[in-house]
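Let's walk through this assembly together, beginning with a small piece of one chain and then stepping back to the chains as a group.

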Amino acid sequence: MADIAIRAVRKSYGKTPTLHGIDLVFASGEFVVILGPSGCGKSTLLRMIAGLEEITAGEIAINGRVVNRLEPRERGCAMVFQNYALYPHMTVAGNIGYALKVAGVPKAERLRRIEETAKIVGLADYLDRKPAALSGGQRQRVAMARAIIREPNVFLFDEPLSNLDAKLRVTMRAEIRKLHQRLSATSVFVTHDQVEAMTLADKLVVMNKGVVEQVGQPLDIYHRPASIFVASFIGSPAMNLFDAHINVDDACLAFSGTKMPIDRALATRLGERRVTVGIRPEQCVVATGARGISMKVDFVEELGAGRVIHSELDGQPFAACVDEETYVRPGDRIALELPLAHLHVFDRETGRRIELEVEPRSGRNARQVLEAV
Amino acid sequence: MADIAIRAVRKSYGKTPTLHGIDLVFASGEFVVILGPSGCGKSTLLRMIAGLEEITAGEIAINGRVVNRLEPRERGCAMVFQNYALYPHMTVAGNIGYALKVAGVPKAERLRRIEETAKIVGLADYLDRKPAALSGGQRQRVAMARAIIREPNVFLFDEPLSNLDAKLRVTMRAEIRKLHQRLSATSVFVTHDQVEAMTLADKLVVMNKGVVEQVGQPLDIYHRPASIFVASFIGSPAMNLFDAHINVDDACLAFSGTKMPIDRALATRLGERRVTVGIRPEQCVVATGARGISMKVDFVEELGAGRVIHSELDGQPFAACVDEETYVRPGDRIALELPLAHLHVFDRETGRRIELEVEPRSGRNARQVLEAV
Amino acid sequence: ETTKFEFWYGLSGDLGERVQEACKKFNDSQSEFEIVCTSQNGYDTTLQNTIAAYRAKKQPAITQIYDAGTLDMMLSGAFVPAKKLMADNGYTIDWSNYFGGIANYYATAGGELNSFPFNSSTAMFYYNVDAFQKAGVDFKPDTWEQVEEAARKLKAAGFECPLAFNFDTWPLMEQFSAIHNQPIATKANGYQGLDAELVVNKTKFVDHVNFFKKMADERLFVVKTKQLGMDTVPAFTSQTCQMIQTSIADHGTIGKSLPEGVKWDVAMLPVWKGTERQNSLVGGASLWVLAGRPEAEYKGAAAFLNYIATPEMAEWWSTVTGYIPVTKTGFDAMKSNGFYDKAPYKGREFAIQSLSFTPTSENTRGIRLGGFTQIRKEFATALEAIFMQNADVQAELDKTVERGNAVLRRFEKTYAGQTLN
Amino acid sequence: MDKRAAFRSWWLPSLFALPQIILILLFFYWPAVAVLRWAFTLEPPFGGTAEFVGLANFKEVFADPLYWNSVGVSLAFALCGTLATIFIGLVLALAVDRQLPGSAPFRFLYILPYAIAGPAAGMAFRFILSPERGLMASVNAAFPDFWNPAKYGSHALILVIVVFAWKWAGYTFIFLLAGLQSVPRSLIEAAAMDGCGPIRRAVDIQIPMLAPTLFFLLVIMMTEGFVGADTYGIVARTTDGGPNHGTDVMVYRIVEEAFRGLNYSGASAQSLVLIGLIMIFTFIQFRFIERQVHYK
Amino acid sequence: MIQRTPFANALTYGVMIFGFLLLIGPFIVIVSGASQTFQQVNSIPFSFLPQDRLFENMSAAWTRANLGTAMLNSFVMASLVTVGKVALSALTAFAIVFFRTPLKGFFFWMVFITLMLPLEVRVVPTYAVAADLFQPVRLLISAATGFEVSLDWNLLNSYAGLTLPLIATATGTFLYRQFYLTLPDELAEAARMDGSGPVRFFIDMLLPLSRTNMLALTTIMFVYGWNQYLWPLLMVTDPAYKTTMMSLVALLPADNGTPDWNVTLAGSLIIMLPPLVVVAVLQRWFVQGLVATEK
Ligand SMILES: Nc1ncnc2c1ncn2[C@@H]1O[C@H](COP(=O)(O)OP(=O)(O)OP(=O)(O)O)[C@@H](O)[C@H]1O
Ligand SMILES: Nc1ncnc2c1ncn2[C@@H]1O[C@H](COP(=O)(O)OP(=O)(O)OP(=O)(O)O)[C@@H](O)[C@H]1O
Ligand SMILES: O=P(O)(O)OC[C@H](O)CO
Ligand SMILES: [Mg+2]
Ligand SMILES: [Mg+2]
């Protein structure tokens, strides 16, 4: 168990800067998920913690000790790689026990610990197999066992689930979570899958293009995305985003021929400005009567438990989730209500969130979110 | 436009039987989706329609004409491959027009048709590029254009979306659907992604291990899965399945210390027997008061728009979807109500569905489903 | 403790085995030295390998270098002169006992031998007497006119290959030039300076080639080479062809190879009618003792060279090969005991006769040209072009002389400042 | 193409590479220096002090029509040999790739000639294609001199090219077959659906897809033909460069010039030219052509 | 695929059989010729039927060309080249691929330039080096210190001389490098996280993993070593070190002898056999290895 502090860390490959100054603190025992699109620098950050990548500037401390100059094996981290990086010519037992072998642990002791660890991940019956003879999920478990056996202070995971099929991914997600509850070592988990991120994280770090966009609890981030990027990246189907502007005279948010009154003081404070407004598909309400914005249904996706209606708003695609009972067909017109309480407003220039209500609406720890941003 | 009849078709590779007698009829202009787990024989079936695979036994007729001995090019089918199979050394125009070139269509005519087709798929500006210079979605469109230009009677798609990332997949799904609406040629679409299957299909064929498990409209299959396999394969998170038995004396369904009364006549007809009962996670209701089955929460997955609660029933994992407002934590106990109306009962021996109600509950075409099974 | 030393030689096949035999005899004759004899499979490779080994300081004590390599050796400074070696090791040799014609080829301007003449030969003319009789040829071909006549008769009698020849320049160019008193190069064929130039494109040799060309076109003379599948000697011994010119060294081999009872004979090379025949050139090779070996080896080398020069060994060597004895006493001894009258050896005396036909002149003393291996190759190629590809005789020879001269000039430049001694 | 290097030591890799580096320095770079030195001096055959002669050796080489002849012969040999091996390999690969029943053993058999040394093959072919025995004798009996490599330079060149092609065809076959098998099957199927028969598919799809492999083989085989270990051996044991320099390839000429002609300097000058040629050739390979034929 | 292509199929079989005749036919001629008598081998037309004299001819060839020593020498030479190449290449490629050092690029180019210049082009000076191995060292020392040292090491007529110059090229290194590059980066990283250093990684991971490569390289190098012609021809003058390729000359019908091609062919058959067996036995790995060198 160890806490990790990342201070003003930068990374450049040659002349190309990849990470532009990262500051993060992970508490001991926390399960941290780093989420971001491909190429944003997640792996790089993780690998710098592991000691596999040089730190260009700044420092990383594990348990208060700066590790910039330490070798990977001296940092007490264990890593699970995306492609597992199992040693193909060794048996499962060989793979799991390799670190101990290198460390010179006597054979008897080693065998005992291998068996113990194999039991934890449910591989006790497969110790003699070669990785090639294992299924994807089993290989994943070997990779985990290899990490566990070293009793590390920190677990690092680099997209360990992305090679698995959808079903297995759900199962393994649960297993990783359970494992964390059991071992409660600090874990840093990199992914670009937002479902994985939401479901696993104690603390979620959203990165984009080498900078941290937002840090916080998953639900806070879901409900109060700090930027357009976070808003569009988290949630599926993605949040609908459209242009609007703040009208100070009428104290309203105006878009697509609709005006939504907002607090006049707020309007005055914000001033006349162009904003981007977002609403999640599942928070649109099918309007009864003449209220709401009328749209033509382009097509409908049946999900079994509900359906998604696709249409357009001001020429931009717009999706809304409706329940099983709402039947619509392509070509129908539908009126959608967009409750002000569920609208997210972002500055068009900076992309940052603008708070419409004085007191944040939901989330137990929303304040924390704001602090971190 | 053509209808397709598949009669008692079998396929063996060497001595290993892969398809065990498939009977299917696809109406002209229908959009058929074949869904099944990996290795179940979907591609094999599709490729037999295309003429890329010999038919071991049985026959396939397109538009009433048996095509068993016809070469691929003589069948009037066009195919979109999983990896698109674009000719990397030809330009987009070359790719699209290759079939015409082989057929000896004069150059002027060919160019005209290439442009026309490129316009349909929105590639008019890319005709001179090589596939390597296109994005995934664009390549997909080239593959479609190559199929369209031949004005085939039948479109065959072998997992054409599985190489795309999640966002693009949704877009391309919509495009394929629109294209079908426009060209309305008979289309057979193979996938192992149930969302794709649900959202695209006019007719859904669920396969498993070389046999057809169920044929019908997507919603009917969702609501009335004909077998345990279909029940567990369709829907995400997957349907919860657990053991129960029918108690004739008490005329009830008994499981885990709970008894659910059922129609006595039905109970008598079915007789004392062991069954598997299923319920979809989204149809579990959090019980108030002392009703329902009490379970300990193992862990909770936050999806933003709601959460999934994971627990166990009789030692089997059990999931339930709850809305955003229901806060639970790991370790809490929760009582879940499983409405009889939403229970699916399957014979433990055969795995086939047992109808509890006399009149099927939902779905406009449920009868059709039963007929097909 | 015996002293071992090496001897490399170029002879191969049957002749090579005879060398091995000689080595064995030497080793058996005493116990102080052991000679290790290695065939390098050919005269030219022996020269190459000797040079390479010398550069690598792995040279043998004794090496057999053919006539054409003499000057290359002389200027190398890589050898111990024969006279010095023997004197140093306490042998007294009567150097004047060597046949003048032979010694002249290998000796310095001052007449000193740098190497030991060992296997000496000259080119001869062989013909199948049986075939001659069948074709009604009743004369011995002394002139090329007679050869032509014989060839025509043989052809008429159904012999497909009256005369076989290859592109070996030794009989065709070198010996021909000598016996017809034609120069090969200026400066007395190189004896008078490194600045000699080839002139064979302006001598009777040109006519000779033209004659051969005409004969070849009429299929009277036929090209027989290794590349074509059969060289001249096997062509003769298999009775495919009825006349050849080749070394007297092959006399033994030919006698052994021709089927029992076939009548054949050997004669001096023909000359053109009206020519005053001159002595022919000595061929074969001489033995060089290389510098840079330990002193003990020189003792052995001297012992070996002395041993093979003894009259008994000389006789034995000439008997089992076709090579002529190199010393006067050796020859006299053999002659007097009737060796040359006995059946298988009959005719070999013509070689001596050919060699000593006249006293040597500028044109018949020998050839002292640098890089002569290369020059031979150039001429062989020229002949190939002329006979196989119908190249123009004069043009081809002119070109080759020019190429040969380039070799000479490079040699001159490489040894700039050195003079012939 | 570079790997994410994992270890950060400088002395360890140096130690690991050292044996090979030493060998390369001794047997590669040092000789290269010697070649350079000799090419500008006149080296006496038996060694000793060499005289600096500037470009004289090069002038002599370039003035020699036989040198240019050998350049021409080398080009013809390398080019025809390469094209022949690639053509044969390609045709066979296309045939075997169809995987008709019974085609499996051929795949194994075709590679066997690769095991044979050029000179040994050359010697065998001297018999097999000799004008007066073996296979061609009957033909020659009917048409005299129809085939006579000892007489006609062109025949001799054909002979050595045949030996070269025989030895290397199986090698190109292996590469081309692997190349064909890495052409996605779906591409062939797509073409079949587009209406192509097997031959048209080969021409329109498979061969263009092989472009990188073909190019790779072109370079490898050309280099092999110019300076390969077998080229010298084949020529030396089959035709000896003849007749009349008809098969006098550059390597053969260099070795002959040095060891038979005792002209180390001229040979070194020729080596330098050859080295230059190969470098230019390799440069062209890396810089220009490879870019155009790689589809990604 | 459903295909009715009788023409294309016939053509395919035709091509395969033609290829068989073309590539295997010469072996048949060699075997038939080698098993015939002197008269049979020289008869016109040539008979492709093998006869019963194979072993007589082989033993005649064996004695004529003294193949016993030659075969042994060739075997030793091929084996040494193989072992040396396999071992050194693995090490060098490891140094080049898995380390991040300033010298990396230098080593890389230094080694890979040798790919372009086979022994045949630099044979003349290489001979000189083999004859006097320490010349560069001596020159260096005398240039640096002014002292003339007498260091001599001559490789002519030795197994070291036969093999070392052949090992000094990059073919094997290149093969290994390509293989190493196909290994996922994470393999080395996982090993590092597990606490293994570079040497340990090399022994525990790379060596076992490159078994296929080693077999491939073994085949290639054995054939390469066995089939060396020019180099032994130049540097061996001592018959004790003669290799099979040098016996070829002795196998040819003697210049002045009878054209006993049957013996010649039998001899060449003996000489061809060992690499043929190696290729035949190891062909699966060999092919994989060859193909891996590409790209
Ligand atoms: N060794 C390297 N040399 C140069 N650039 C690199 C190197 N490794 C990574 N990069 C670059 O740094 C950026 C961040 O890479 P990183 O692997 O951290 O992304 P990531 O967020 O993990 O993406 P993914 O989800 O695709 O794994 C990328 O643009 C990548 O191209
Ligand atoms: N050429 C073949 N030879 C032997 N077996 C084959 C061949 N092609 C497919 N099979 C086997 O037939 C079965 C069905 O394969 P098929 O490709 O139809 O599955 P699929 O449903 O398309 O799976 P996926 O979703 O993985 O594409 C599999 O078990 C597969 O291993
Ligand atoms: O065959 P030989 O030994 O007589 O020698 C002939 C010539 O002199 C070689 O140059
Ligand atoms: Mg990454
Ligand atoms: Mg499939």
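In this predicted model, a good place to start is the hairpin of β12(A) and β13(A), where two residues sit between the strands and S256(A) adopts a positive phi near 45°. Strand β13 covers residues 258-261 of chain A, and four bridges tie it to β12(A) in an antiparallel arrangement. Within this pairing, L253(A) faces M260(A) of β13(A).

Now look to the other partner of β12(A). Strand β11, residues 240-247 of chain A, also runs antiparallel to β12(A), joined to it by three bridges. Here L253(A) has I246(A) standing opposite. These two strands form a hairpin as well, with four residues between them, and A251(A) in that turn has a positive phi of about 50°.

What about the side chains of β12(A) itself? In a regular strand, side chains alternate between the two faces of the sheet. Along residues 252-255 of chain A, C252(A) and A254(A) point one way while L253(A) and F255(A) point the other, and all of them are buried.

Stepping back to the whole assembly, eight pairs of chains touch, and chains D and E share the most contacts among them. By contrast, chain A makes no contact with chain C, their closest C-alpha atoms being 49 Å apart. Chains B and C do not touch either, with 49 Å between their nearest C-alpha atoms.

Chain E deserves a visit too. An unreviewed UniProt entry lists several stretches of it as "transmembrane region", including residues 12-34 and 201-226. In the model, residues 12-34 of chain E are 100% helix and 0% strand, with end C-alpha atoms 32 Å apart. Residues 201-226 of chain E are 96% helix and 0% strand, and their end C-alpha atoms lie 33 Å apart.

Key. Residues numbered from 1 in each chain as written. Chains lettered and ligands numbered in written order. Predicted model: local features only at pLDDT ≥ 70, side-chain atom pairs only at ≥ 80, totals over all residues. Heavy atoms only, no water. Contact = heavy atoms within 4.5 Å. UniProt positions renumbered as here; feature names shortened; annotations may be inferred. Buried < 20%, exposed > 50% of the residue type's maximum accessible area, 1.4 Å probe, protein only. Pairing = 2+ DSSP bridges.
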